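Dear colleague,

Please find below the structure that I am handing over to you. The notes that follow it set out what was found there.

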Amino acid sequence: MKHYAITMKMTSGAEIRLVYKAPSERSAVAAAHRKLDFQELIKVEQVEQPADIIKTNRRFWVIQCKDMHGSKVELYSTSPNQNTVRNKMVSHPKCESIIRIDEVCESEYLKRSAKKTLV
């Protein structure tokens with residue numbers, strides 16, 4: 001099995017790069033299609049096995065929610081999928097109700113979360 005880094009543009013507009021372990025490039029792209037709803041395949045390249053595939057495949061999320069006073073709050077999270085983010089928000093003290101969860105690219109995440117609350 002080989003490791004393939006797939007760079008893709010998501011329907012949300014974010015560009016993400018994930019690593020898949022597969023017997024061929026075609027199988028890696030098929031695995032990405034099964035797991036994700038992406039708009040455009042940008043690049044596929046064979047890479048060395050990453051030391052930690054979970055950290056390599058980190059995805060970035062911006063969560064807009066309302067606190068218990070009804071004010072809008074923007075929170076930030078890195079999680080493998082949207083369900084994990086939603087589950088984190090259920091128990092978060094600053095999030096009474098979720099308005100929207102968006103996936104963003106790493107640079108946008110870093111820019112927006114520089115002085116904000118990370119989860």
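**Findings**

Ser77 lies in strand β5, which spans residues 72-79. The residue is buried, as its relative accessible area is 0%. The side chain of Ser77 forms a polar contact of 3.3 Å with the side chain of Lys88.

Before going further, please note that this is a predicted model. The mean pLDDT of the chain is 86, and 96% of the residues score at least 70. Confidence is highest in strand β3 (residues 38-47), with a mean of 92. It is lowest in strand β7 (residues 117-118), where the mean is 58.

**The helix α1**

Helix α1 covers residues 25-35, and within this helix Ala28, Val29, Ala31 and Ala32 are buried. Viewed down the axis of α1, the buried residues fall within an arc of 155°, so they line one face of the helix. An α-helix has 3.6 residues a turn, so residues three or four places apart point the same way. Arg26 and Arg34, on the other side of α1, are exposed. Which strands help to cover the buried residues of α1? The cover includes β1 (2-10), β2 (15-22) and β3.

**The cysteines**

The count of disulfides in the model is 0. Why is there no bond between Cys65 and Cys95? The cysteine sulfur closest to that of Cys65 belongs to Cys95, and at 3.3 Å this is too far for a bond; a disulfide would require the two sulfur atoms to be within 2.5 Å. Cys95 is likewise in no disulfide, its nearest cysteine sulfur being that of Cys65, 3.3 Å away. Cys65 counts as buried at 0% relative accessibility, and Cys95 is buried with a relative accessible area of 6%.

**The salt bridges**

The model contains 5 salt bridges. Three of the pairs are described here, with their surroundings.

In one of them, the side chains of Arg17 and Glu45 meet at 3.8 Å, N to O. This pair links distant parts of the chain, since Arg17 is in strand β2 and Glu45 is in strand β3, 28 residues apart. Both count as partly exposed: Arg17 has a relative accessibility of 39%, and Glu45 has one of 30%. Arg17 and Glu45 also belong, with Lys43, to a network of salt bridges.

In another, Arg59 and Glu103 meet through their side chains at 2.8 Å, N to O. This pair, too, links distant parts of the chain: Arg59 is in strand β4 (residues 59-66) and Glu103 is in strand β6 (residues 97-104), 44 residues apart. Are these two charged partners buried or exposed? Arg59 counts as buried at 10% relative accessibility, and Glu103 counts as buried at 7%.

A further salt bridge joins the side chains of Asp102 and Arg100, at 2.8 Å, N to O. Asp102 counts as partly exposed, with a relative accessibility of 22%. Arg100 also counts as partly exposed, at 47%.

**In brief**

To recapitulate, the buried residues of α1 line one face of that helix. Cys65 and Cys95 have sulfur atoms 3.3 Å apart, too far for a bond. Arg59 and Glu103 form a salt bridge, with Arg59 buried and Glu103 buried.

With kind regards

Note on methods
Residues numbered from 1 in each chain as written. Predicted model: local features only at pLDDT ≥ 70, side-chain atom pairs only at ≥ 80, totals over all residues. Heavy atoms only, no water. pLDDT = per-residue confidence, 0-100. Helix = DSSP H or I, 4+ residues; strand = E, 2+ residues; numbered from the N terminus. Buried < 20%, exposed > 50% of the residue type's maximum accessible area, 1.4 Å probe, protein only. Polar contact = N/O pair within 3.5 Å; in protein donor to acceptor, adjacent residues only side chain to side chain. Arc of directions from axis to C-beta. Contact = heavy atoms within 4.5 Å. Salt bridge = Lys/Arg side-chain N within 4 Å of Asp/Glu carboxyl O.
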